[in-house]
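Here is a round of questions and answers on one structure. Keep the view open while reading.

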Protein chains: 2
Amino acid sequence: MQPTSSKKQSPNHKNKSYHHGNLRQALLDAALDIIAENGLSALTLRQTASRAGVSHAAPKRHFASVLDLYAAIAEDGYCKLRNYLQERIAKRSDASLSQVLAILGVAYVEFAIANPALFRAMFHSALADRSTPHSVEVAAGKTLDILVSTIEQGQEAGVIRKGYAPDLALCAWSLVHGLAVLSVDRQISNRRFSSEDPLKLARELVEQFYLGLRP
Amino acid sequence: MQPTSSKKQSPNHKNKSYHHGNLRQALLDAALDIIAENGLSALTLRQTASRAGVSHAAPKRHFASVLDLYAAIAEDGYCKLRNYLQERIAKRSDASLSQVLAILGVAYVEFAIANPALFRAMFHSALADRSTPHSVEVAAGKTLDILVSTIEQGQEAGVIRKGYAPDLALCAWSLVHGLAVLSVDRQISNRRFSSEDPLKLARELVEQFYLGLRP
DNA sequence: CCTACCGATCGGTAGG
DNA sequence: CCTACCGATCGGTAGG
């Protein structure tokens, strides 16, 4: 996967008027750059506008507040995550349902480590304080559906134990989400765990603990 | 467990001079109140001082910056978490090592849900952006040691599979940390999961998935 | 989408 | 630990 990056301006095309082809996307890219470089607390509308090369009044058309900006980042992030998960499954079309579950779990951690700023922003608690916008709910639901439907198929095939599929999905999600969060927040690398590579640990973890999903 | 709360001033004792018996603790309590009410982004030194009833210059003696304040909250939080985990184990002195592991896992989620503001602050990514202060590392290490030593004892007793204990501890930690984070961030209650009570889910989750720790 | 303003709030400091 | 300042930055808005 490729890191999100921003091209400030078109190189030789009418530099005088800053009318972007897609200012909204430019602002989203700029926001992720800011978060990646200076952390979540550094994200302001003014900084975002400045980095995107527009005046501080310009973002108003697209994002009424920083919370709206966060929501857009989260929605975009869930879409990217969903695409990444689906790509990973598509590459292994011969995999069994149990293997697909493992692939999803590892891919989730991969995504978080490859896009730490995006991942942090997606789960930033500022979003949770207010009621989550509907657009974010929808995007998150679609992404989570991949996991739920895989589990349901596994139940039909008899390789996953009975139970309410969304609950089992939450268990599987919690496991890899915890590892992803601890990795992104540097809680792991700072300590004395043997595996310097969190992905290696993710594979072992998924392999061992997803036993809890079997009949 | 009792929520952290702050007593602003002594009721009838020399109200003119705001010399607290323990300003540092009063500031920590005020900070948690602010986070609980208005979120992490609302925490500033000035607001903290104001809520503690002192001038905005007063905190300087105790916390040079907001990051120092966060570090102190995190250090305090790890100590509280450790005490809570040990209390929970002490109440069930007859439990087997496998049961102790399950108790620790559920208690971790309980702590997060009972102290959401503290839990969020402990893992606030602002801490992770900078190198974690040594005092926080020490407090976190002591807390994590409860889990590691339990696993080591379980390995000696033959009820936990072989392997580098800190790695196994990280697996167990990731599982409950993921559920705790998703609960605190309201990612669970908003969706279609059946269990309205995250603690009920935590018990099932720990019971099923800690199977991955068995030989 | 820009410039030129505004009031509010922040961290910081001098002096007591 | 307080008061009284300071420069910087923020979100917001009027007018083009």
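Q: What percentage of the 215 residues in chain A is buried?
A: The model is predicted. A residue counts as buried under 20% relative accessible area. Across the 215 residues of chain A, the buried share comes to 50%.

Q: How many helices does chain A have?
A: The elements of chain A, read from the N terminus, run α-α-α-α-α-α-α-α-α. Chain A has zero strands. Its helices number nine.

Q: Among contacts in chain A between residues at least 6 apart in sequence, what percentage joins residues at least 24 apart?
A: Contact here means heavy atoms within 4.5 Å. Pairs at least 6 apart in sequence form the pool. Of these, the share that joins residues at least 24 apart is 68%.

Q: How many residues are in the largest nonpolar core?
A: Residues with the most contacts inside this core include Ile73(A), Leu147(A) and Tyr210(A). Ile73(B), Leu147(B) and Tyr210(B) are also among them. The residue count of this core is 152.

Q: Which residues does Leu147(B) contact, leaving aside neighbours within four places in sequence?
A: Leu147(B) is among the residues with the most contacts inside the largest nonpolar core. Its contacts beyond four places in sequence are Leu101(B), Leu104(B), Ala169(B), Ala172(B) and Trp173(B).

Q: What area is buried between chain B and chain A?
A: The contact involves 47 residues of chain B and 47 residues of chain A. Carbon and sulfur atoms give 59% of the buried area. That area is about 4,300 Å².

Q: Which three residues supply the most of the area that chain B buries against chain A?
A: The top three supply 16% of what chain B buries against chain A. No other three residues give more. They are Arg192(B), Phe193(B) and Phe209(B).

Q: Which helix gives the most to the surface near DNA strand C?
A: The residues around DNA strand C number 19. By class they are nine nonpolar, seven polar and three charged. Three residues of this surface come from the top contributor, helix H2 (residues 45–52) of chain B.

Q: How far is a backbone N or O atom of Ser55(A) from a phosphate oxygen of DNA strand C?
A: Ser55(A) is one of the residues that come nearest to DNA strand C, along with Leu23(A), Arg46(B), His56(B) and Lys60(B). Sugar or phosphate accounts for 54% of the strand C atoms within 4 Å of the protein. Thr44(B) places a side-chain N or O atom 3.2 Å from a phosphate oxygen of this strand. For the backbone atom of Ser55(A), the distance is 2.7 Å.

Q: What percentage of the atoms of DNA strand D within 4 Å of the protein belongs to sugar and phosphate?
A: DNA strand D is surrounded by 19 residues, and Arg46(A), His56(A), Lys60(A), Ser55(B) and Arg61(B) are the closest. Sugar and phosphate make up a share of the strand D atoms within 4 Å of the protein equal to 52%.

Q: Which residue has a polar backbone atom 2.6 Å from a phosphate oxygen of DNA strand D?
A: Leu45(A) has a backbone N or O atom 3.1 Å from a phosphate oxygen of this strand. The pair at 2.6 Å involves Ser55(B).

Q: Is His56(A) buried, partly exposed or exposed?
A: His56(A) sits in the loop between H2 and helix H3 (66–90) of chain A. Its relative accessible area is 45%. Exposed needs over 50% and buried under 20%. Because 45% falls in between, His56(A) is partly exposed.

Q: What polar contact distance joins the side chains of His56(A) and Arg46(A)?
A: Beyond four places in sequence, His56(A) touches Arg46(A) and Ala49(A). A polar side-chain atom of His56(A) also lies 2.5 Å from a base oxygen of DNA strand D. The side chains of His56(A) and Arg46(A) are joined at 3.5 Å.

Q: What is the phi of Arg186(A)?
A: Arg186(A) lies in the loop between helix H8 (165–184) and helix H9 (198–209) of chain A. Most residues other than glycine have a negative phi. Arg186(A) is not a glycine, yet its phi is positive, at about 60°.

Terms used. Residues numbered from 1 in each chain as written. Chains lettered and ligands numbered in written order. Predicted model: local features only at pLDDT ≥ 70, side-chain atom pairs only at ≥ 80, totals over all residues. Heavy atoms only, no water. Core = buried A, V, L, I, M, F, W, Y, C linked by side-chain atoms within 4.5 Å. Buried < 20%, exposed > 50% of the residue type's maximum accessible area, 1.4 Å probe, protein only. Near = heavy atom within 4 Å. Polar contact = N/O pair within 3.5 Å; in protein donor to acceptor, adjacent residues only side chain to side chain. Helix = DSSP H or I, 4+ residues; strand = E, 2+ residues; numbered from the N terminus. Nonpolar A, V, L, I, M, F, W, Y, C, P; charged D, E, K, R; others polar. Buried area = accessible area lost by both parts, 1.4 Å probe.
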